[in-house]
2 protein chains.
Amino acid sequence: MQLITVGTVAFDRIETPFGIAEKTVGGAATYISLAASVFLDKMGLVSVVGDDFPEGVMQQLRDRGVDLEGLEVMAGKESFFWAGRYHYDMNTRDTLETRLNVLLDLDPQLPEDYKQAPYVMLGNLDPKVQAKVLDQMEERPALVVMDTMNFWMDSAMEDLLKVIQRVDILAINDAEARQLSGEHSLVRAAGKILAMGPKYLVIKKGEHGALLFSKDRVFFAPALPLEDVVDPTGAGDTFAGGFIGFLARSQDHSFDNLKRAIIVGSALASFCCEKFGIERLLEIDKVDIDQRIQDFVELVDFDIELVES
Amino acid sequence: MQLITVGTVAFDRIETPFGIAEKTVGGAATYISLAASVFLDKMGLVSVVGDDFPEGVMQQLRDRGVDLEGLEVMAGKESFFWAGRYHYDMNTRDTLETRLNVLLDLDPQLPEDYKQAPYVMLGNLDPKVQAKVLDQMEERPALVVMDTMNFWMDSAMEDLLKVIQRVDILAINDAEARQLSGEHSLVRAAGKILAMGPKYLVIKKGEHGALLFSKDRVFFAPALPLEDVVDPTGAGDTFAGGFIGFLARSQDHSFDNLKRAIIVGSALASFCCEKFGIERLLEIDKVDIDQRIQDFVELVDFDIELVES
């Protein structure tokens with residue numbers, strides 16, 4: 001395996017001011033794996049679903065190189081379900097319903113050939129579950145990227161901090177970075193979070209782009225301004241999947257290559273928003289992605305002489 | 001005159017979660033002129049103050065090349081006063097009090113040597129006043145940049161649209177662009193607003209940067225992530241002043257040069273936020289500005305090969 005991902009595989013019900021998707025396939029690990037599959041052809045997915053989960057989608061994942069030996073299918077049970085409603089700004093949302101279902105029983109057991117994977121993506125989940133995945137690795141992976149959310153900061157901070165200490169890159173949103181650090185300034189927040197263990201921090205700001213911090217450097221990538229945002233669900237996970245997939249292919253963890261990975265992740269996330277659920281991710285090919293990367297290059301490109309000169 | 005600016009010159013009372021400035025000099029035309037003075041040495045300011053306005057500040061403006069023949073001082077009256085309180089996020093604020101005072105009597109009469117100015121900045125004001133300034137120009141200026149706000153969209157849309165039709169560049173914030181166009185998507189908003197007359201649209205997004213749109217191109221510049229934001233008051237006007245000042249010096253209105261002007265404006269705005277009111281703008285020199293422009297270059301710089309290659 002080049003990469004293993006632990007995270008939710010789920011059904012979502014999504015309401016936006018512009019449309020509704022009644023029951024669409026979602027989940028962090030689904031988005032992450034699909035995005036990473038642009039760059040990789042041997043990935044493992046660690047999660048759990050009920051026997052209501054469509055075999056067709058599992059086959060689409062397999063077709064893209066995602067091994068599902070790590071995906072437990074629980075007979076007679078239902079998959080994790082999330083329902084949310086986006087506000088008019090499409091940047092904020094309310095959770096209407098969460099049915100954990102099989103997620104309550106998620107006790108990850110890594111297949112043998114997952115245990116040497118050099119790249120590990122810990123999707124947003126109970127930090128105890130994230131830790132359990134790391135515990136089963138036979139040696140320290142080359143790179144571990146982790147996502148989390150405010151819920152775990154409120155309810156399981158101690159466990160959360162233990163996992164954060166063990167990862168190379170934490171990728172969270174701006175509100176989460178502020179909560180985790182207790183600092184409003186993202187520059188100060190980054191300083192505090194990097195002191196917790198990770199070598200790099202990625203702060204995802206949705207339609208406002210993403211920041212990458214190391215101890216002494218910072219990089220910013222915008223989100224591509226889109227004509228229509230149909231559904232932002234999964235954009236953050238798609239970003240993370242593109243990010244770690246690109247790194248796993250290049251096996252280069254320099255700051256300059258992390259910057260490229262941020263651009264690639266942003267490009268993939270922009271596609272994700274164009275249709276409901278995973279639909280758009282299943283359509284795009286490398287030519288589409290290259291065109292969008294070129295859009296990013298043009299979006300931020302400038303040359304300038306200094307004022308004094 | 002290289003540039004004339006019409007806009008408020010005022011006193012502000014500013015509350016932030018981190019401090020209070022009881023009575024500090026502010027106003028759009030003040031910030032715009034100070035920022036433009038980095039690039040220009042012969043500017044005119046069109047506004048009105050009461051005789052309570054400090055001569056010391058007027059002298060600081062004159063020292064920087066801002067001619068004040070167009071600034072009417074009304075005896076026995078008080079200057080425009082605004083009081084506002086910033087929320088914890090420092091990106092949103094409530095207006096606590098507005099005392100128009102002399103602003104009610106603002107009836108701009110341009111001094112003779114203002115009437116041939118090639119660059120005109122219309123700061124946020126009643127669109128009737130903005131129009132009156134344009135009416136007095138002896139010939140069409142080389143470039144007119146305009147700011148406005150939601151208040152005029154609510155109360156004077158017809159007058160506003162007439163002025164928008166006459167300017168080259170409209171520079172407003174994202175909420176204003178959405179309100180003016182009736183479109184949530186900034187890409188769609190830009191399309192509609194450019195159809196109203198301006199050749200370019202600048203959308204200021206505060207801590208989230210700025211976008212520049214022409215009919216077929218788009219450019220994005222981030223805001224510099226700051227360790228501490230002390231007071232964002234005037235940052236948008238400082239941006240506009242740096243933007244038009246840079247353009248007036250280079251006399252190049254190509255898209256590529258507008259991109260540079262956006263970066264320069266963003267650099268100046270970042271300084272503005274570091275202290276209350278105009279304080280920081282009075283301290284910085286060209287070396288500071290060049291250092292900050294270099295920070296912007298590094299912040300967004302990346303090189304990438306395409307996925308297919």
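Me: Which residues touch the most other members of the largest nonpolar core?

Reply: In this predicted model, A:Leu3 and B:Leu3 touch the most other members of the largest nonpolar core, which has 209 residues. Among the residues that A:Leu3 touches, leaving aside those up to four places away in sequence, are A:Ala36, A:Leu40, A:Met43, A:Ala117, A:Tyr119 and A:Met121, and the list also includes A:Ile244, A:Gly245 and A:Ala248.

Me: What makes a pair of residues count as touching, as A:Leu3 and A:Ala36 do?

Reply: Two residues are in contact if their C-beta atoms, placed from the backbone, lie within 7 Å. A:Leu3 touches A:Ala36, and therefore the C-beta atoms of this pair lie within 7 Å.

Me: Why is helix α1 of chain A called mostly covered?

Reply: A residue counts as buried if 20 or more other C-beta atoms lie within 10 Å of its own. In α1(A), which spans residues 28-36, 9 of the 9 residues are buried, and among them are A:Ala28, A:Tyr31, A:Ile32, A:Leu34 and A:Ala36.

Me: How do you know that strand β12 of chain A is largely enclosed by the rest of the structure?

Reply: The strand covers residues 200-204, and 5 of its 5 residues are buried, so β12(A) is largely enclosed by the rest of the structure. A:Tyr200, A:Val202 and A:Lys204 point one way from β12(A), while A:Leu201 and A:Ile203 point the other way, and all are buried.

Me: Which strands pair with β12(A), and in which sense, parallel or antiparallel?

Reply: Strand β11 of chain A, residues 169-173, runs parallel to β12(A) and is joined to it by 5 bridges, with A:Ile169 standing opposite A:Tyr200. Strand β13 of chain A, residues 210-213, pairs with β12(A) in the antiparallel sense over 4 bridges, and here A:Val202 has A:Leu212 as its bridge partner. Strands count as paired if DSSP finds at least two bridges between them, and the 5 bridges to β11(A) and the 4 bridges to β13(A) satisfy this. β12(A) and β13(A) form a hairpin with 5 residues between them, and A:Gly206 in the turn has a positive phi of about 60°.

Me: What makes β3 and β8 of chain A the edge strands of their sheet?

Reply: The sheet is open and has 4 strands in the order β3-β2-β7-β8 of chain A, with mixed pairing. Its edge strands are β3 (19-26) and β8 (93-99), each of which pairs on one side only, and neighbouring strands are turned by 15° against each other on average, direction ignored. Within this sheet, β2(A), residues 10-16, and β3(A) pair in the antiparallel sense over 6 bridges, and A:Thr16 stands opposite A:Gly19.

Me: Which order do the strands of the open sheet in chain B have?

Reply: The order is β3-β2-β7-β8 in chain B, and the pairing is mixed. In this sheet, β7(B), residues 80-86, and β8(B) pair in the antiparallel sense over 6 bridges, and the bridge partner of B:Ala83 in β8(B) is B:Glu97.

Me: Why is B:Lys77 called partly exposed?

Reply: A residue is buried at 20 or more C-beta neighbours within 10 Å, exposed at 12 or fewer, and partly exposed in between. B:Lys77 has 15 such neighbours inside 10 Å, so it counts as partly exposed. B:Lys77 lies in the loop between β6 (71-74) and β7 of chain B, and it touches B:Gly50, B:Asp51, B:Asn101 and B:Val102, not counting residues up to four places away in sequence.

Me: How do you know that the two copies are related as by a two-fold rotation axis?

Reply: Chain B can be laid on chain A with an RMSD of 0.0 Å by a turn of 180° and a shift of 0.0 Å along the axis. The two copies are thus related as by a two-fold rotation axis, and in chain B the C-alpha nearest this axis is that of B:His208, 3.0 Å from it.

Me: Why can one say that the copies meet through the same surface?

Reply: 100% of the interface residues of chain B are also interface residues in chain A, so the copies meet through the same surface. The contact takes 35 residues from each of chain B and chain A. On the side of chain B that touches chain A, α11(B) gives the most, with 8 residues, and the residues of that side divide into 23 nonpolar, 4 polar and 8 charged.

Conventions. Residues numbered from 1 in each chain as written. Chains lettered and ligands numbered in written order. Predicted model: local features only at pLDDT ≥ 70, side-chain atom pairs only at ≥ 80, totals over all residues. Least-squares fit on C-alpha atoms with pLDDT ≥ 70 in both. Helix = DSSP H or I, 4+ residues; strand = E, 2+ residues; numbered from the N terminus. Axes fitted to C-alpha atoms, helices over the stretch in contact; angles between N-to-C directions. Nonpolar A, V, L, I, M, F, W, Y, C, P; charged D, E, K, R; others polar. Core = buried A, V, L, I, M, F, W, Y, C linked by C-beta atoms within 7 Å.
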